[in-house]
Amino acid sequence: MRVNEKYSTLPAEDRSVHIINICAIEDIGYLPSEGTLLNSLSVDPDAECKHGLYFRDGRRKVDYILVYHPKRPSGSRTLARRVQHGDAAPAARGTRQDQPLPGKGDVGAAGGPEPPMDYHEDDKRFRREEYEGNLLEAGLELERDEETKIHGVGFVKIHAPWNVLCREAEFLKLKMPTKKLYHINETRGLLKKINSVLQKITDPIQPKVAGHRPQTTKRLSYPFSREKQHLFDLSDKDSFFDSKTRSTIVYEILKRTTCTKAKYSMGQGEGRKKDSALLSKRRKCSKYGITSLLANGVYSAAYPLHDGDYEGENVEFNDRKLLYQEWASYGVFYKYQPIDLVRKYFGEKIGLYFAWLGVYTQMLIPASVVGIIVFLYGCATVDENIPSMEMCDQRHNITMCPLCDKTCSYWKMSSACATARASHLFDNPATVFFSVFMALWAATFMEHWKRKQMRLNYRWDLTGFEEEETDKVKLTWRDRFPAYVTNLVSIVFMIAVTFAIVLGVIIYRISTAAALAMNSSPSVRSNIRVTVTATAVIINLVVIILLDEVYGCIARWLTKIEVPKTEKSFEERLIFKAFLLKFVNSYTPIFYVAFFKGRFVGRPGDYVYIFRSFRMEECAPGGCLMELCIQLSIIMLGKQLIQNNLFEIGIPKMKKFIRYLRLRRQSPPDHDEYGKKRQRYEADYTLEPFAGLTPEYMEMIIQFGFVTLFVASFPLAPLFALLNNIIEIRLDAKKFVTELRRPVAVRAKDIGIWYNILRGVGKLAVIINAFVISFTSDFIPRLVYLYMYSQNGTMHGFVNHTLSSFNVSDFQNGTAPNDPLDLGYEVQICRYKDYREPPWSEHKYDISKDFWAVLAARLAFVIVFQNLVMFMSDFVDWVIPDIPKDISQQIHKEKVLMVELFMREEQGKQRLLGTWMEKDRKKDEPCNSHGPKAGLDSPEYPGGAL
């Protein structure tokens, strides 16, 4: 059968709506009569009330929309004028019969003077016509609408008929529910009573959505097959494939449909050069289908439609409205998410994201409670903390060495009393317990998510799903080598830029501290450390937010030049690069404060300088942990407030307002009418396009790092993350339901590379917290002093033990304070925080044996803590099975039931075949009884053998 013979074409003058190219009828096995086609294609006079969700006949659903900017064709011949409806000459695919799409805006064949030729726009129009012709050949039905309320925008509505849906569902191996129902194994005994009590307790926080409750029965699912349609319940074909599945099928066809023809025959001169450029573009189009057409501007957008409006008095009830009421509203923040409905409307990939976000938020509740207890313990014991009491005691009268050269003078340790007391809130024995707890929490969270993921896979019929992707481009390592080198050099350069910015902030801190020390106001000089720390952290926050956007764009460009083999490979490489750059960007300032600040300052009389001018910073007498806490809290809260929430709320509102002003400027008189009468596809076009889940996952993974990596310095981090996520879930939900175009549903059985990143961050958190407790806090020096140096078994004398002495006469020339009498008396000996020999020692200012004892204890703690916590995490991983036992049993039960179903079907076929054979044998017996006998002695069959 030729291509042309697959289509049924109705004359334009006979029907108010043209329907052409009804393809692949043979896939079903029958050809409907002309009467059937006429009845199905008649125009519904009430179709306008369906607000653009259907074709103009009011019966066929719009499964997908292509958007373009129509312009009148140039002087070249259009396809509509070259090929008339009456042409019936058979043609091959390359020269097949092409016809205009039905609907408003069809290009007429009127003559007249031809405008100047626009090669670019004419090429786009021709490629659209060719591409849409190929879609018709694939069996899709199209309808064009150029007379829209939006100026300069045309729409192509796409509908997938039943035969195409069946064919593609079989190709994609979509699991569909069969007629077979079976009972799910229920818990018994004590567990059943506990579950019943929990259901009653949680009933007020359950969403009012059908099917959200645990089901007692489930339909057996099987990959759709046209040969086994009798297994499926096809009583309502309109609802058998839901809107999510229909749009997925159409998108798969759009991806693999290509356009390959050249518009113009090669001419001479400038026109020939332009045609050559167009032909080279077309070769790109032939590889990527709709993706390339969107990139080249042939179409401006492509998207499935939302189910309808989500608010209003006369709005028909639909899944979008239900999601808005029970999920995307801030008033239901305390309720569980209707994950099954989210999956039904947006697909498995987005459903898994929100399921993961919900599990993560739930798991933050116990972490927040323990973090609050640790913080309250610090508050309760702050007045009993002997080291901070000694620092605040005016009687000790400890004189400290200057914090900078010349401009800074000597100062009293008691002036740092507030910092020392605040440090105890986060630097206390309970912090060690909390670090161990959070390491086990991270392992438990990962195991809990794996089990939840398996339950969702079973519920969503994804247990046997495997992604199948073919290589888009085949390149050798020689082709890829320049891209790999570019990636490596660029990433190293970006990391170097981050380090340079951190160094610049360090220089700012040093120079600002020196400048403020010259201020005549005592209040300014007493708050130098707080002022410098706060302003430097705010600068870091602004730089982090700006560089995050830059690094996201750079990561995408670097991934594109690699030309990954598959879409999955592209996504994983993009995620890894973006995470690496943003991880370094977000955590480098925190790593500096935690592990480098105050470690390489030298000593009085022999300080370390940057560029021979700026003296390295020192930690406060109470340690750098308090400053680390300030840095971590401001960056974490600032990113969540500004980048995650304010940007996600403010930027979409701003874009929406700009679109409103642009629309009002284009058609001010008709603006009110526009708002009332616009179709669904017009309303969805004004929404923001879906940009993928990478930004959503990225902000949560970075937050997970803040919660786990430095939790020893900020026990309240899980609490702030919990409060943020409660808002984040509803904010993201509202964005997906009201602000974004409906994404194409994508099947996925897990969260992909994000799980590996989470595991990596969890393992890294154990190591980092071990070093924070050991090197950043004073936990280990206190233990060493308590068990090795304390005379009475208490912490009395600890502060004095950690301070070394310096003779002010040993200052280098030009580094001594300009005002040595600032304290009102002459200073002979000043103190500084370090383990060194005193000036009266034989080896003055050398590192003392106390330093080596503390260092050995710190390294021993890191080794013991890391191995112990890693072992406990792996033990949790081993104890908790990845697949819940009941789910494993249900999966096995499904396999057994499926085998039984096919065995019964096969037995039925055998019985039916036996019945037919018996009937045929009985029919043949009378004929054989009247015919001539062929006996044993028949001459035709010697020996009696047939």
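In this predicted model, tyrosine 64 faces isoleucine 158, a residue of strand β3. The strands involved are β1 (residues 64-68) and β3 (residues 154-159), which run antiparallel and are joined by 5 bridges. Helix α3 (residues 119-137) packs on the sheet and touches β1, β2 and β3. The direction of α3 makes about 145° with that of β2. A further helix, α7 (residues 243-256), lies across β1 and β3 and runs at about 50° to β1.

The wider setting of this strand pair is an open sheet of 4 strands, and reading across it gives the order β2-β3-β1-β6, with antiparallel pairing. The edges are taken by β2 (141-145) and β6 (301-303); each has a single partner strand, so one side of each is left without a neighbour in the sheet. From one strand to the next, the twist averages 15°.

It is helpful to place this sheet within the whole chain. The protein has 946 residues, of which 48% count as buried, and its secondary structure comprises 29 helices and 14 strands. Among contacts between residues at least 6 apart in sequence, 79% join residues at least 24 apart.

A single residue gives a local view of such contacts. Threonine 431 is found in helix α15 (residues 429-459). With a relative accessibility of 6%, threonine 431 counts as buried, because the cut-off for that class is under 20%. Once neighbours within four places in sequence are set aside, threonine 431 is in contact with Val374, Phe426 and Ala712. Valine 374 lies 57 residues away along the chain, yet the C-alpha atoms of threonine 431 and valine 374 are separated by 6.8 Å.

Two helix pairs can then be described in turn. In one pair, the axes of helix α26 (residues 779-789) and helix α28 (residues 849-879) come within 9 Å and cross at roughly 120°. That angle makes α26 oblique to α28, and the crossing of these helices is right-handed. On the α26 side, the contact involves Phe779, Ile780, Pro781, Val784, Met788 and Tyr789. These residues meet Asp850, Ala853, Val854, Ala857, Arg858 and Phe861 in α28. Sorted by class, the contact of α26 with α28 holds 10 nonpolar residues and 2 charged ones, with no polar residues.

In the other pair, helix α10 (residues 319-326) and helix α24 (residues 717-739) have axes that come within 10 Å and cross at roughly 160°. The two helices are therefore roughly antiparallel to each other, since angles over 145 degrees fall in that class. The crossing of α10 and α24 is left-handed. From α10, the contact draws on Arg320, Leu323, Tyr324 and Glu326, while α24 supplies Arg730, Lys734, Val737 and Thr738. By class, the contact of α10 with α24 has 3 nonpolar, 1 polar and 4 charged residues.

Conventions
Residues are numbered from 1 along each chain as its sequence is written. This is a predicted model: local features need pLDDT of at least 70, side-chain atom pairs count only at pLDDT 80 or more; totals for chains, interfaces and linings use all residues. Side-chain values use heavy atoms; hydrogens and water are left out. Axes are lines fitted to C-alpha atoms, for helices over the stretch in contact, and angles run from 0 to 180 degrees between N-to-C directions. Angles under 35 degrees count as roughly parallel, over 145 as roughly antiparallel, 65 to 115 as roughly perpendicular and the rest as oblique. A crossing is left-handed if the near helix is turned anticlockwise from the far one by less than a right angle, and right-handed if clockwise. Contact means heavy atoms within 4.5 Å. Ala, Val, Leu, Ile, Met, Phe, Trp, Tyr, Cys and Pro count as nonpolar, Asp, Glu, Lys and Arg as charged, and the others, Gly among them, as polar. Two strands pair if DSSP finds at least two bridges between them. Buried means under 20% relative accessible area, exposed over 50%, partly exposed in between (1.4 Å probe, protein chains only).
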